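Colleague: Could you walk me through reading strand pairing and strand faces? I'd like the general idea, then the case at hand.

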Amino acid sequence: MSSLTCPCGEVIRDVAQSDSELLSGTIVRNKDEWEAKSRLSLLLAGLCTAYKAGTHLEWLAANGPAYSEQDLESIIEDMISRQSLDVGIPYRKCPACGNLLIRKRRDSNQYIAYSPRQGDACEDL
Ligand SMILES: [Zn+2]
């Protein structure tokens with residue numbers, strides 16, 4: 001997403017903005033969240049087991065080359081981020097009118113606009 005135009009006319013650019021974190025998020029189904037937590041638990045359990053056995057470098061190499069040269073905190077943070085990014089539908093909130101611009105599917109560039117103040121009014125973008 002490089003930019004979106006809200007039905008109100010506001011152009012929302014996908015650039016770093018100071019309020020970007022307040023105006024964007026992810027909608028996650030409970031089922032997808034539970035599955036991501038389960039995958040993350042398995043990964044962390046595997047890492048802990050390998051760490052206790054002194055084989056964590058081999059384990060890291062086998063479970064992602066990006067992990068091999070990072071400290072443990074960064075590795076765990078990366079694992080959590082990867083699992084979090086793997087689920088959910090991103091949305092952006094229009095700073096001008098408050099509409100939620102919701103991606104139709106995770107692998108799509110199409111969005112719908114939802115106005116929380118007007119209930120179920122939706123408009124394809
Ligand atoms: Zn708007």
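Modeller: Start with S5 (residues 100-103) and S6, which run antiparallel and are joined by four bridges. Strands count as paired if DSSP finds at least two bridges between them. This is a predicted model, where local features need pLDDT of at least 70 and side-chain atom pairs count only at pLDDT 80 or more, while totals for chains, interfaces and linings use all residues. Residues are numbered from 1 along each chain as its sequence is written.

Colleague: Which residue stands opposite Tyr114 in S6?

Modeller: That's Leu100.

Colleague: And how do I read the faces of S6?

Modeller: Check burial first: a residue is buried if 20 or more other C-beta atoms lie within 10 Å of its own, exposed if 12 or fewer, and partly exposed in between, with C-beta atoms placed from the backbone. In S6 (residues 111-114), Tyr111 and Ala113 share a face and are buried, whereas Ile112 and Tyr114 point the other way and are not. In S5, Leu101 and Arg103 form the covered face, with Leu100 and Ile102 on the uncovered one.

Colleague: What does S4 form with S5?

Modeller: A hairpin, with six residues between the two strands; Gly98 in the turn has a positive phi of about 90°. S4 (residues 89-93) pairs with S5 in the antiparallel sense over three bridges, and Tyr91 stands opposite Ile102.

Colleague: How many helices and strands are in the chain?

Modeller: Three helices and seven strands, in the order β-β-β-α-α-α-β-β-β-β from the N terminus. Those are DSSP runs numbered from the N terminus: helices are H or I, at least four residues, and strands are E, at least two.
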